[in-house]
Amino acid sequence: MPSVRRMILGHVMSGLCSKMNRTKQLPADLMETPLNRCLNTFDITLLGIGHMVGAGIYVLTGTVAREMAGPGIVLSFILAGMVSMLAALCYAEFGTRVPKAGSAYVYTYVSIGEFWAFVIGWNILLEHMLGAASVARAWSGYVDSMLGNIVANTTMEITGEMHEQLLAKYPDFLAFGVCMSYAIALATGVKATAMINSILTTVNVIVMALVVGLGFWYADAGNWSLPEQGFLPYGFGGVLAGAATCFYAFVGFDSIATSGEEAKNPSVSIPLATILSLCAVTIGYVLVSAALTLMIPYNEINPAAALPDAFGTRGIAWAKYAISTGAICGMTTTLLGSLFALPRCLYAMASDGLLFSCFGKVNTKTQVPLLNLAVSGLCSALLALLFDLEKLVEFMSIGTLMAYTIVSASVIVLRYRPIAVEETVHLAPDTPGTDEEEGASSSSQSSAIDPSSPTSEMIEIALAGRLRPQFRWLEPVLGRCEPGVACSGAVLLFCVLSVAICFQLQASWDDLYNGVWWALGLYGFLLFCLVACIVVISAHHQNTRGLQFKVPLVPYIPALSIFCNIELMVHLSFLTWLRFFIWLSIGMLVYFLYGIHNSKEGELGVTSYSMLMSTQEAIRGWGATHSAGLTGGTRVTVTKIVKGRVSRKSVDKQAIIDDDDDDS
């Protein structure tokens, strides 16, 4: 009996690491999908703006200005927008690489491996679920404040208060109904959803322009220089605390990447929409917060309804109604964005076999995963019913920041990870013919090919992940590493060191500020190791072929994004981390009991990066594969380039085009 148990345990544990690290093999036709590809760049840009401009501008602005940063909220929004832009650039590059639903989950699956992809996907589900619930709660609270708190008072009279510290003061049935109503509206189809979102976002932008115009018209510069307080009444620490809170206002841009499988031209639309929407929203937030704090002193702002009250004190009663209309529209589009992204992340994970197969079905009529929409809408509605806005926002931030961190790390890993040398790139044949004719005319075909472009592409692919000539002095340390392994290890070490530095900064900032010797020595050593990781990564060749959008200054911008995200994560409360680990533990049960055994990648047996990194996609462009027309063509292999170019011996004598591969 014990031997049987050992056999069963051995069977279960066999190849566990290889299963957890297997990567997603992309299909030959990346554009093929059961979803409806009907969204253009304008639709996706408005989707991103609508998802970001909602509760952030109408709820967070007053709270941060009154209690955290004062007029320095302008700097808080700038800092939060800059941190978000670092992650957004990484999302934009991946949107070009992988035009699939699932956002950071798919990106991680392609670059790092299945286990981390599941962790990120599980966190994204939590992020969008909490995002929808928090906005529904804010929507309900805003409407209730306009009605004189009649909803809250009536509910507490009927149900009484919930005397539980982890729950809200009272159950919010209005927020529950809002969530369910919008989930039903999304079931009509993605094009109808995009149209509704475009209309509401346009109204919201007009209202924001009205707020900015009237705010600067009634502005008083003296409100930024109050006696004994000035522009930063809470100091620069208040600006940083405000930036950590304002970061919540920018989390919606990853819904743009989620729409990659419904975009007409994702390689162009996704990066363009990501950057445009984030820039527009950052400018809008900065202008609105400046107008608010210039119009009235920060200590007179009403956190519950900052903008309507500000215009009310100035005697502009009609503006209150316009702002309230914009607030409802803005929070509606944010709620739609979360409920739009959540079912598609469920669909992406179920399509890969990591979640239950019932979530991978798409309705043939509406081309929407209806079951996913129903489940996600109900779960979000229950969260909105039981929890208040503050707990939902704080809990949501940790999953978002972790997703941003791993996406930034994935950009570095993929830039420096080469394709296998056995992979080949096909060039179009000159003329059709039999195998004998091809063998006889191979030399003439070779001479007819322009060697400049394919040779440079092959050299770049072959050198990816290998040391650059000016860093040959690192060969005694890194020379024995496989191409790309040293860079991946350096990225992992960079993340660990960033965590250590951020925790130490929080625990012993006073010692560092006062110049205590051990603090200076410790931070000096950690910073030296951090810089060494960046040097090791940048010492290797990159592969950027086939990318229509590239993150600039790799690895510096993704590394800065990793550090900033970790810095914000360590400032979250202990209870937030505890709730996060409980949620993660539930996800681990799902993965190890179901996902790892039903993964579609396990059926394939092998994984490959060639579809992601080779120039074949660049040659033929997005769309249907032309492999049927390439079966007699000349093959250009990277094997001889690796042997000849990397070793830098007899470079001029090495053949780039292998004429003997026609029979392989």
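**Stop 1: the second largest pocket**

Start by selecting helix H22 (485-507). With seven residues, H22 gives the most to the lining of the second largest pocket. Keep in mind as you click around that this is a predicted model.

Now bring up the residues nearest the pocket's centre: Trp116, Thr405, Ile406, Leu492 and Cys495. They belong to a lining of 25 residues, and the space in the pocket comes to about 740 Å³.

Next, colour the other helices that give two or more residues to this lining: H7 (114-146), H17 (389-415), H25 (556-569) and H26 (574-598). If you colour by domain instead, you'll see that domain 1 (35-416) and domain 2 (460-602) each supply at least three lining residues.

What is the lining made of, by class? Nonpolar residues account for 21 of the lining positions, with three polar and one charged residues making up the rest.

**Stop 2: two residues on H7**

Stay with H7 and select Asn123, which sits in this helix. How buried is Asn123? Its relative accessible area is 0%, so it counts as buried. To see what surrounds Asn123, show Gly399, Met402, Phe580, Trp583 and Leu584; Asn123 touches each of them, and that list leaves out residues up to four places away in sequence.

Then pick Ser140, also found in helix H7. Ser140 is buried because its relative accessible area, 2%, falls under the 20% cut-off. Leaving aside neighbours within four places in sequence, the contacts of Ser140 are Asp172, Leu174 and Ala175. Try a distance label between the C-alpha atoms of Ser140 and Leu174: the separation is 6.0 Å, although the two residues are 34 apart along the chain.

**Stop 3: the largest cavity**

Time to go looking for enclosed space. Rolling a probe the size of a water molecule over the atoms shows where empty space is left. How many cavities of 30 Å³ or more does a search of the whole structure find? There are three.

For the largest cavity, select His51, Tyr248, Val251, Thr334 and Met396, which lie nearest its centre. In total 16 residues line this cavity, and it holds about 110 Å³ of space.

Helices H3 (41-52), H4 (55-69), H7 and H15 (317-351) are the elements giving two or more residues to the lining here. Which of them has the largest share? H7 does, with five residues. Colour the lining by class and you get seven nonpolar, eight polar and one charged residues.

**Stop 4: the second largest cavity**

Select Leu39, Asp43, Ile44, Leu47, Val190, Thr193, Ala194, Asn197 and Phe340, and you have the lining of the second largest cavity. Its volume is about 50 Å³.

Two helices give two or more residues to this lining, H3 and H10 (190-217). H10 has the largest share, with four residues. By class, the lining consists of six nonpolar, two polar and one charged residues.

**Stop 5: the cysteines**

Show the cysteine sulfurs next. How many disulfides does the structure hold? Zero. Zoom in on Cys487: the nearest cysteine sulfur belongs to Cys481 and is 9.4 Å away, and Cys487 is in no disulfide. Cys487 is buried, at 1% relative accessible area.

Then move to Cys529. Here the nearest cysteine sulfur is that of Cys533, 7.0 Å away, and Cys529 is in no disulfide either. Is Cys529 buried or exposed? With a relative accessible area of 18%, Cys529 is under the 20% cut-off and therefore buried.

**Last stop: the whole chain**

Zoom out and switch to a cartoon view. The chain has 30 helices and two strands. Colour by burial and you'll find that buried residues make up 55% of the 664 residues. If you draw a contact map, look at the pairs with a separation of 6 or more: 85% of those contacts join residues 24 or more positions apart.

How values were computed: Residues numbered from 1 in each chain as written. Predicted model: local features only at pLDDT ≥ 70, side-chain atom pairs only at ≥ 80, totals over all residues. Heavy atoms only, no water. 1 Å grid on protein atoms, 1.4 Å probe; cavity = no way out; pocket = protein on both sides within 12 Å on 5 of 7 lines; lining within 4 Å. Points joined across faces, edges and corners; volume = space filled by probe spheres on them. Nonpolar A, V, L, I, M, F, W, Y, C, P; charged D, E, K, R; others polar. Domains from an automatic or database assignment. Buried < 20%, exposed > 50% of the residue type's maximum accessible area, 1.4 Å probe, protein only. Contact = heavy atoms within 4.5 Å. Disulfide = S-S within 2.5 Å.
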